[in-house]
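Colleague: I have a few labels here that I would like explained, one at a time. Please show the model first.

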Amino acid sequence: MDKVFSVIDGQQEAMIDFQTRLTAIQALSPENGGKGELARARWIQSWLDQHNFPPVEYINAPDPRADEQIRPNMILRVPGENRSKTVWVMAHLDTVPPGDLKLWESDPYKVIVKEGKIIGRGVEDNQQGILCPIFALRALMECKIPLAYDVGIMLVADEETGSHYGIDYVLSQKKDLVRSDDLVIVPDAGNPDGSTIEVAEKSILWCRFAISGKQVHASTPHQGINAHRAAARLAVILDEELHRAFSAKDSMFDPPESTFEPTKHDANVENINTIPGEEIFYFDCRVLPQYSLSAVEELIKKAMARVEKDTGVKIEVTYPNRAEAAPPTSPDSEVVKILSRAIKMVKGVDAQPIGIGGGTVAALFRRRGIPAAVWSTIDDMAHAPNEYCKIKNLLSDTKVFAAVFSGKDL
Ligand SMILES: [Zn+2]
């Protein structure tokens, strides 16, 4: 692999150019005020053509709001020596808007290179994930090193606003594209030394509690029903009982236990001497995958009924976000093993399988019984102002993909 690695080291300027061009082509979803990803997909296509890649298959999702009414999903496949399975890498074409421009030290769409960092909107999330597997393939092709298995690179639309026109669309249109014995790597989260491989996530349950009592003057509480007091009581009961009932720990996660946090609270009355008749507050729950969300909801309903009985209020609960965790990818699965060995070889670190608080696209694969690992080497600048990626991480992650694809010395 030494020859491949030195070819990759020689690609530094080409990588900076690739990042610069991609960053200049905005790829905002219509929800974020943009026209989608088509212009960016076209530029990538021309780059692939210039560098003699095989033809790309498109699974375009129709979207009347987008350029040419298309949300592009690109599938690049290169055959390997063993054609029984495919190593997939999925990255997303879309980026989020720059946010408050005052917080940027440079134009977010004009890349600058400073102290080993490439700075611009999207360079980390998810252009690093697009670049590394493509440059890995390019280096292997140049050195005429065969791939161990088929390699598939999916560049998908709409990851930042729900994946409805992206990977969700691809997997529902082409049910046999990715199979349960394939390996899936999603380079869209990670840590600064590339030592974490995300294989599991917690379920997410956001709860909105609306408490209705009766508003009166604060000097005559007996004539009203204080919605604030009932809300406070409910919050305390939920806090205590949810933690007690769902107390298991799993050391793969940080924190290792389920979390139940009272968060937002809507404004109620404007003056201190009014007893509020309406009260709205929220909980953010992240639940270990061993528990079902319906068990959590059951406990919540019982606590609500008790507070209603004790105080005379009416309580309604809705769930603005409810996502049952996908079954975890086994830490012993082939994708984790191959990736770990490549990371050890290139970076010299022992990677750890971890779980996170919820909400990665890898869940879409895991729900279909396909093992998926989320990995990259990043400082976690996604969505932040002055987003950057480190050039040394582009080089090392490209080498890791080259090692994974070739299967050499693993
Ligand atoms: Zn991302």
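Colleague: What makes helix α4 largely enclosed by the rest of the structure?

Modeller: In this predicted model, 18 of the 20 residues of α4 are buried, so the helix is largely enclosed. Buried here stands for under 20% relative accessible area.

Colleague: How do you know that α4 falls short of a straight helix?

Modeller: Helix α4 covers residues 123-142, and a straight helix would reach 28 Å at 1.5 Å a residue. The end C-alpha atoms of α4 are only 25 Å apart, which is short of that span. Just after α4, K144 takes a positive phi of about 55°.

Colleague: Why is the site of the zinc ion called irregular?

Modeller: Its protein donors are H92 (NE2), D125 (OD) and, listed twice, D188 (OD), at 1.9 to 2.5 Å. The angles among the 4 donor atoms run from 53 to 146°. Four donors count as tetrahedral if all angles lie between 85 and 135 degrees, and as square planar if opposite donors are over 155 degrees apart and all others between 65 and 115. The angles meet neither rule, so the site is irregular.

Colleague: Which parts does the pair H92 and D188 tie together?

Modeller: H92 lies in strand β5 and D188 in the loop between β9 and β10, so the pair ties together parts 96 residues apart in sequence. H92 is buried, at 2% relative accessible area.

Colleague: How do you know that C285 has no bond to C207?

Modeller: A disulfide needs sulfur atoms within 2.5 Å. The sulfur of C285 is 4.1 Å from that of C207, its closest, so that is too far for a bond. The whole structure has 0 disulfides.

Definitions and conventions: Residues numbered from 1 in each chain as written. Predicted model: local features only at pLDDT ≥ 70, side-chain atom pairs only at ≥ 80, totals over all residues. Heavy atoms only, no water. Donors = N, O, S within 2.8 Å, 3.2 Å for Na, K, Ca; no water. Tetrahedral: all angles 85-135°; square planar, octahedral: opposite > 155°, others 65-115°. Helix = DSSP H or I, 4+ residues; strand = E, 2+ residues; numbered from the N terminus. Buried < 20%, exposed > 50% of the residue type's maximum accessible area, 1.4 Å probe, protein only. Expected span 1.5 Å × (residues − 1).
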